[in-house]
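Please walk me through the salt bridges of this structure and the surroundings of the residues that form them.

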Amino acid sequence: MKLRSGCPINLSVELLGDGWTMVIVRDIMFGNFRTYRELLTNSLEGIASNILADRLKSMVAEGLLTKAPDPDHKQRAIFSLTEKAIQLVPLIVQLGAWGRRHLPATEELSVRAQLLEESGPAIWEDFMDDLRALHLGAPGAAGRPLVIEQLQTAYEAKVAGG
């Protein structure tokens, strides 16, 4: 990454503000889409294949993702969030909250953002711990439901008319 300045806001925007990086992080984080094909076919925004390939490559180079061969399929790779990417959870929660309040977001696609915002920082920490277990092999949640499952249940209930 070529740096324009040492300003932390500028540096963050240069890394995350390209229009696709945060969407890819979102899809890996909330959808658990881990392969190129899953990311390509499940993109709500319809990311182009060449852009996805370019972003994944740059996200690995910048330390937001790791790429490992899929043990079940020779030609497929598994992408995992790094700690650097997992620590984006509070930022993503705030982006979702702001977008929910100020932009024409749908109720179905807002339900996860609403749940995370209204539940507060404790659930963000639990979610980051869940992501660490899933992506980094850290010990899993003991005796509590996974946050990603709570978010998916809330989304499915909203889609079903709940």
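R144 is partly exposed in this predicted model, since its relative accessibility of 23% lies above the 20% under which a residue counts as buried and does not pass the 50% required for an exposed one. Its partner D130, by contrast, counts as buried at 8% relative accessibility, and the side chains of D130 and R144 meet in a salt bridge with an N to O distance of 2.6 Å. This pair links distant parts of the chain, with D130 placed in helix α8 and R144 in the loop between α8 and α9, 14 residues apart.

Helix α8 takes part in another such contact: E83 forms a salt bridge with R132, and their closest N and O atoms are 2.8 Å apart. Because E83 lies in helix α5 (residues 83–86) and R132 in helix α8 (residues 121–136), the pair ties together parts that are 49 residues apart in sequence. R132 is buried, with a relative accessible area of 18%, while E83 counts as partly exposed at 28%.

A further salt bridge joins the side chains of E107 and K158, at 3.4 Å from N to O. Here, too, distant parts of the chain are linked, as E107 belongs to helix α7 (residues 107–119) and K158 to helix α9 (residues 147–159), 51 residues apart. E107 counts as exposed, with 56% relative accessibility, whereas K158 is partly exposed, having a relative accessible area of 24%.

Beyond these pairs, D18, D54 and R55 are linked in a network of salt bridges, and a search of the whole structure finds twelve salt bridges.

Note on methods: Residues are numbered from 1 along each chain as its sequence is written. This is a predicted model: local features need pLDDT of at least 70, side-chain atom pairs count only at pLDDT 80 or more; totals for chains, interfaces and linings use all residues. Side-chain values use heavy atoms; hydrogens and water are left out. A salt bridge is a side-chain nitrogen of Lys or Arg within 4 Å of a carboxyl oxygen of Asp or Glu. Helices (H or I, at least four residues) and strands (E, at least two) are DSSP runs, numbered from the N terminus. Buried means under 20% relative accessible area, exposed over 50%, partly exposed in between (1.4 Å probe, protein chains only).
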